[in-house]
Every structure is written in C-alpha cells, then in structure tokens.
Amino acid sequence: KEAVTAVEQSGIVFIDEIDKICTSRDFSSRSADASAEGVQRDLLPLVEGTTISTKYGNVNTDYVLFIASGAFHAVKPSDMLPELQGRLPIRVELNG
C-alpha cells in the first residue's frame, strides 16, 4: 500500500523511443499507420490520468510524471496524435 501511494504521488515513467510509434504522413503502409496510432491511443489514457490495475493494487496515474524521448530522425514530433502531443507539451531538442 505504501509503495502504491509513493508511485501515485511521485512516480516517474520514462517512455523511450516514442518515435517508433509515429508514422510519417508520407508513409504509404496503412497497417503500420493503424498499428502505431493504436499504440498511441492506448498510451493516451495513461498519460492523461487514469486508474490502472496492477498486481500490487490499483494505481492512479493523475500525478505520475511521464517523460518521453525519441530520435525522430525518420518522423517528426508533429506526427504523433494531436491529443498525445498536448499531453507531452514540453519539447527539448539536443544538437549533436
């Protein structure tokens, strides 16, 4: 119970390679586009805030910090669903 409360109040979820679930508007494969959009739609409620069932009990994600990263060399951040872009509003670009 203590661990669930700690996660709900100060948990951090890091989503790496989020660019892999984005497809360019120029990309021709419909099935890949539909699959990528489905994964984004599945992530959306978690990022927005919901209660999920785990083996440790129910966890509310309202106050969990979600951080996403990706190379975005083949796609752009604007290729994500607009609703997901709105839930991940801060963008930082690193130059190498």
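Visitor: Which residue in strand 3 does Ser53 stand opposite?

Guide: Ser53 faces Asn58 in strand 3. Strands here are DSSP runs of E with at least two residues, helices are runs of H or I with at least four residues, and both are numbered from the N terminus. Two strands pair if DSSP finds at least two bridges between them. Strand 2 (residues 51-54) and strand 3 (residues 57-60) run antiparallel and are joined by four bridges. The hairpin between strand 2 and strand 3 passes through two residues.

Visitor: On what basis should the model be read?

Guide: The model is predicted: local features need pLDDT of at least 70, side-chain atom pairs count only at pLDDT 80 or more, and totals for chains, interfaces and linings use all residues. Residues are numbered from 1 along each chain as its sequence is written, and side-chain values use heavy atoms, with hydrogens and water left out.

Visitor: What pattern does the protein follow along the sequence?

Guide: The order is α-β-α-β-β-β-α, comprising three helices and four strands. The C-alpha trace spans about 45 × 35 × 20 Å along its principal axes.

Visitor: Which residues have the most contacts inside the largest nonpolar core?

Guide: A nonpolar core is a set of buried Ala, Val, Leu, Ile, Met, Phe, Trp, Tyr and Cys residues joined through side-chain atoms within 4.5 Å. Buried means under 20% relative accessible area, exposed over 50%, and partly exposed in between, for a 1.4 Å probe and protein chains only. In this protein the largest such core has 15 residues, and Ile18, Met80, Leu84 and Leu88 have the most contacts inside it. Helix 2 gives the largest share of this core, three residues. With neighbours within four places in sequence left aside, Leu84 is in contact (heavy atoms within 4.5 Å) with Ile18, Gln40, Leu44 and Val47.

Visitor: How should a salt bridge be read, and which residue pairs with Arg41 at 3.1 Å?

Guide: Side chains of opposite charge can pair when their charged atoms come close. The criterion is a side-chain nitrogen of Lys or Arg within 4 Å of a carboxyl oxygen of Asp or Glu. The structure holds four salt bridges. In one of them Glu83 pairs with Arg41, with the closest N and O atoms 3.1 Å apart. Because Glu83 lies in helix 3 and Arg41 in helix 2, the pair ties together parts that are 42 residues apart in sequence. Glu83 is partly exposed at 35% relative accessible area, and Arg41 is partly exposed at 40%. Salt bridges with shared partners join Glu37, Arg41 and Glu83 into one network.

Visitor: Is Asp19, the partner of Lys20 in a salt bridge, buried or exposed?

Guide: Asp19 counts as buried, at 7% relative accessibility, whereas Lys20 counts as exposed at 53%. Their side chains meet at 3.7 Å, N to O.

Visitor: What is notable about the phi of Glu17?

Guide: Most residues other than glycine have a negative phi. Glu17 has a positive phi of about 60 degrees although it is not a glycine. Glu17 sits in the loop between strand 1 (12-15) and helix 2 (30-48), and is partly exposed with a relative accessible area of 44%. Phe72, also not a glycine, has a positive phi near 50 degrees; Phe72 lies in the loop between strand 4 (65-68) and helix 3 (82-87).
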